[in-house]
Amino acid sequence: MLFPKVLRVLFTSLALTSVAAAQSTAFRPALVGNGSKSLVNLIDAKKLAAKGQGNAVVMFECYVGHSGKAEDGRTYRGTPDSKRLANEVEEALKRSYFIPAAYKGKPVSVYFAGTAMFYVTDGKPQLHVYANQSSEDLKEGKDFIAPQLISGTDDWDAAKLDLEKARLHQRNGAAVLTLRVGIDGQVKDIRVASEDPPNYNFGRAAVKEYAKAVYTPGFRNGKPVECSFDYTSYVLTYRKPEITRLNATLFPQ
């Protein structure tokens, strides 16, 4: 699991905002920003430390509409003892505003998938928020904004047939996908990195759902690039949440 290694790295580059990305008129990902209602400024790192939160990492996702308001925020894939951090992120997402996304010069709604890292260095608590969930980029604290799914471009209907077995057995599941997306936001390659539980076609269903989806392009150091990135797809076919063995993750409540 990547997180213990991540926490030993002193990060000097944050993927919170990118000036070039924010100024782009043709393509712009949703950005955390640094205003009073930005996610990173709504979480008090000192209070987290005072509550007993130690080094922790948690991934999160939210919908960002044209206004920039975050909706339907959730956390997952947290490290052990990250509950306080997860709770703070979820509460902050309810009040957060992002810099909204644009695709080909037009405003679009997207799904923002990011990572929050909390750690204490020399007695000083720090919170970093990254706009990606890719292990190699997180390990090195790179300035990478992963492609963001444009709302309404995935095809849930294409995945339904592959999930009949899971529905019959009332099983929820998850799949980690590795996607390659071009500068135009089109998917060039998609594969299943892992899935849990096996033998329920969660990976195959996720591939079908996202194979023809459209994304804002990824940005590295402020410039749009063709890139690969990781994305966790949760499939809830049954109401009852359950724990999956996929990196000790917890299905959202």
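This report describes the sheets, cores, ring contacts and backbone features of a predicted model.

**Sheets**

One open sheet contains three strands in the order S8-S13-S14, with antiparallel pairing. Strands S8 (144–145) and S14 (223–225) stand at its edges with a single partner strand each, so one side of each lacks a neighbour in the sheet. Strand S13, which covers residues 218–220, is joined to S14 by three bridges, and the two run antiparallel. One residue pair in this ladder is Arg220 with its bridge partner Lys223 in S14. Arg220 also lies over the face of Phe144, at 4.0 Å from the ring centre.

Another open sheet of three strands has the order S1-S4-S5, and its pairing is antiparallel. Here the edge strands are S1 (27–28) and S5 (106–108), each of which pairs on one side only. Three bridges connect S4 and S5 in the antiparallel sense. Ala102 has Pro107 in S5 as its bridge partner.

Strand S10 (residues 173–181) pairs with S15 over nine bridges, again in the antiparallel sense. Within this pairing, Leu179 has Phe229 in S15 as its bridge partner. Strand S15 spans residues 227–235 and is mostly covered, with seven of its nine residues buried. Cys227 is buried, with a relative accessible area of 3%.

**Ala26 and the loop between S4 and S5**

Ala26 is in the loop between helix H2 (19–23) and S1. Its relative accessible area is 34%, so Ala26 is partly exposed. Apart from neighbours within four places in sequence, Ala26 is in contact with Ala102, Tyr103, Lys104 and Gly105. The C-alpha atoms of Ala26 and Ala102 are 6.8 Å apart in space, although the two residues are 76 residues apart in sequence.

Lys104, one of these contacts of Ala26, is found in the loop between S4 and S5. Lys104 is not a glycine, yet has a positive phi of about 55°. With a relative accessible area of 57%, Lys104 is exposed.

**Nonpolar cores**

In soluble globular proteins, nonpolar side chains tend to be buried together. In this model the largest nonpolar core has 36 residues, of which Leu39, Phe60, Leu85, Val89, Phe98, Phe112 and Leu127 touch the most other members. At least two residues of this core come from each of helix H3 (45–50), strand S2 (56–64), helix H4 (83–93), strand S4 (101–103), strand S6 (110–121) and strand S7 (124–130). A second core, separate from this one, has 25 residues, including Met59, Tyr130, Leu179 and Ile190. Leu179 is also the residue whose bridge partner in S15 is Phe229.

Ring pairs link Phe60, Phe98 and Phe112 into a cluster, and these three phenylalanines are among the residues that touch the most other members of the largest core.

Cys62 is buried at 1% relative accessibility. The disulfide count for the model is zero.

**Aromatic pairs and charges over rings**

The model has eight aromatic pairs. A pair of aromatic rings is described by the distance of the centres and the angle of the planes. Two of the pairs are set out below.

| Ring pair | Centre distance | Plane angle | Arrangement |
|---|---|---|---|
| Tyr200 and Phe202 | 6.2 Å | 35° | tilted |
| Tyr210 and Tyr231 | 5.6 Å | 75° | edge-to-face |

The pair of Tyr210 and Tyr231 links distant parts of the chain: Tyr210 belongs to helix H8 (residues 202–210) and Tyr231 to strand S15, 21 residues apart. Tyr210 is buried, with a relative accessible area of 6%. Tyr231 is likewise buried, at 12% relative accessibility.

Tyr200 and Phe202 are both buried. The ring of Tyr200 also has the charged end of Lys165 over it, 5.2 Å from its centre.

**Loop between S11 and H8**

Which peptide bond is cis, with omega near -5°? It is the bond from Asp196 to Pro197. Pro197 is found in the loop between strand S11 (187–196) and H8.

Asn199 also belongs to the loop between S11 and H8. Its phi is near 70°, a positive value in a residue other than glycine. Asn199 counts as exposed because its relative accessibility is 60%, over the cut-off of 50%.

Methods:
Residues numbered from 1 in each chain as written. Predicted model: local features only at pLDDT ≥ 70, side-chain atom pairs only at ≥ 80, totals over all residues. Heavy atoms only, no water. Pairing = 2+ DSSP bridges. Helix = DSSP H or I, 4+ residues; strand = E, 2+ residues; numbered from the N terminus. Core = buried A, V, L, I, M, F, W, Y, C linked by side-chain atoms within 4.5 Å. Buried < 20%, exposed > 50% of the residue type's maximum accessible area, 1.4 Å probe, protein only. Disulfide = S-S within 2.5 Å. Contact = heavy atoms within 4.5 Å. Phe/Tyr/Trp six-rings, centres within 6.5 Å; stacked < 30°, edge-to-face > 60°. Lys NZ or Arg CZ within 6 Å of the ring centre and 35° of its normal.
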